Amino acid sequence: MKRVKEETGQGEGPEQPGEGEQVETGKYKSAIAEIKAELKSEFGKLPADWSWTRDRKLPATLSREECQELMTAYKKGKLAVRNNLIVRVLYATGLRAEELENLRFCDIFYDNKTVFVRAGKGDKDRYSAIDKGTLEQLKAWQEGKGLEESVFGITLRQIRRVVEGAGEMTGISAKYEAMGRVFSTHSMRHAYATHCYENSMRLPTLQRFLGHEYILTTMVYLYTAQRYDVIEYERTHPLER
């Protein structure tokens, strides 16, 4: 079990992608290059001979109920409110952990329910939507703090420790480790994409919110989507009829 007290206070995938459709000229030459950059954020340095078909490892496929557990994992301690809010903002916005590290209070737009994401992957700014309930918690957290201040004021490493701590306290990390899957801050981003897609968000919208140049990179986040498959099973399998 990882030590977290210092910072916390407590299926089959898509076909091999090709070049894909590029939204605009940017940092990545292909969808493969962008996907590799995303995987480096999740797993660290990739082997020099990394292969899409050989080296993929499924992320934790979080359910909606598990996300709710993670967002309320910290029950006591002076950092409980902050820690739960960190997990919630990651799930609410789909931000990468490093993007959350750079988030300032002036980047939160309460009236139109958006957050400004500065210098995301590929050094591109973008906007992402955010729900009313999370905004209310952020407004309470902002009280007495300056607009130029970092929202959480902690490092990338500490953010990861907070999320890992939530996974350990809820037993979610152990569950997915036993399955040979990986639970990390990036799991919240996967959950965001999967759940929005299952609730009928259009792929181009999801692509913009995630900050991807290529639609194929966005589709990588969706190979864990199960809701449509279960509905199809219920509609077609003889034992369900």
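**Helix packing around α4 and α10**

In this predicted model, the axes of helix α4 (residues 64-71) and helix α10 (residues 185-198) approach within 11 Å and cross at roughly 140°. That angle makes α4 oblique to α10. The crossing of α4 past α10 is left-handed. On the α4 side, R64, C67 and L70 make the contact. On the α10 side, M188, A191, H195 and E198 take part. By class, the residues of this contact comprise 4 nonpolar, 1 polar and 2 charged.

Helix α4 also packs against helix α5 (residues 80-93). The axes of α4 and α5 come within 8 Å and cross at roughly 145°. From α4, the contact draws on R64, C67, L70 and M71. From α5, the partners are N84, V87, R88 and Y91. The class count for α4 with α5 is 5 nonpolar, 1 polar and 2 charged residues. R64, C67 and L70 of α4 therefore appear in the contact with α10 and in the contact with α5, and C67 is buried at 0% relative accessible area.

L70 deserves a separate description. This residue lies in helix α4. L70 counts as buried, because its relative accessibility is 0%, under the 20% cut-off. Leaving aside residues up to four places away in sequence, L70 touches L62, N84, V87, A166, G167, T170, I172, F183 and M188. Of these, N84 and V87 belong to the α5 side of the α4 contact, and M188 belongs to the α10 side. The C-alpha atoms of L70 and G165 are separated by 9.3 Å, although the two residues stand 95 apart along the chain.

The segment after α4 was examined next. T72 sits in the loop between α4 and α5. At 39% relative accessibility, T72 counts as partly exposed. The C-alpha atoms of T72 and L85 lie 8.6 Å apart, with their positions 13 residues apart along the chain.

Helix α10 has a further partner in α11 (203-210). The axes of α10 and α11 come within 10 Å and cross at roughly 160°. This makes α10 roughly antiparallel to α11, because the angle is over 145 degrees. The crossing of α10 past α11 is right-handed. R189, Y192, A193, C196 and Y197 of α10 meet L203, L206, F209 and L210 of α11. These contact residues divide into 8 nonpolar, no polar and 1 charged. Handedness thus differs between the two α10 crossings: left-handed with α4, right-handed with α11.

Burial within α11 was also assigned. T205, L206, Q207, F209 and L210 of α11 are buried. The buried residues of α11 pack against β3 (126-129), α10 and α12. Among them, L206, F209 and L210 are in the contact with α10. Just after α11, G211 adopts a positive phi of about 80°.

Backbone torsions were then considered outside glycine. Most residues other than glycine have a negative phi, and most peptide bonds are trans. S200 has a positive phi, near 85°. S200 is found in the loop between α10 and α11. With a relative accessible area of 56%, S200 is exposed. K113 likewise has a positive phi, near 55°. K113 is placed in the loop between β1 (108-109) and β2 (114-117). At 40% relative accessibility, K113 counts as partly exposed.

Y221 occupies the loop between α12 (215-220) and α13 (227-236). Despite its loop position, Y221 counts as buried, at 2% relative accessibility. The C-alpha atoms of Y221 and Y197 are separated by 9.7 Å, and the two residues are 24 apart along the chain. Y197 is one of the α10 residues in the contact with α11.

Cysteines complete the survey. The structure holds 0 disulfides. C67 is buried, with 0% relative accessible area. C106 counts as partly exposed, at 35% relative accessibility. C67 takes part in the α4 contacts with α10 and α5, and C196 is among the α10 residues that meet α11.

Terms used: Residues are numbered from 1 along each chain as its sequence is written. This is a predicted model: local features need pLDDT of at least 70, side-chain atom pairs count only at pLDDT 80 or more; totals for chains, interfaces and linings use all residues. Side-chain values use heavy atoms; hydrogens and water are left out. Axes are lines fitted to C-alpha atoms, for helices over the stretch in contact, and angles run from 0 to 180 degrees between N-to-C directions. Helices (H or I, at least four residues) and strands (E, at least two) are DSSP runs, numbered from the N terminus. Angles under 35 degrees count as roughly parallel, over 145 as roughly antiparallel, 65 to 115 as roughly perpendicular and the rest as oblique. A crossing is left-handed if the near helix is turned anticlockwise from the far one by less than a right angle, and right-handed if clockwise. Contact means heavy atoms within 4.5 Å. Ala, Val, Leu, Ile, Met, Phe, Trp, Tyr, Cys and Pro count as nonpolar, Asp, Glu, Lys and Arg as charged, and the others, Gly among them, as polar. A disulfide is a pair of cysteine sulfur atoms within 2.5 Å. Buried means under 20% relative accessible area, exposed over 50%, partly exposed in between (1.4 Å probe, protein chains only).
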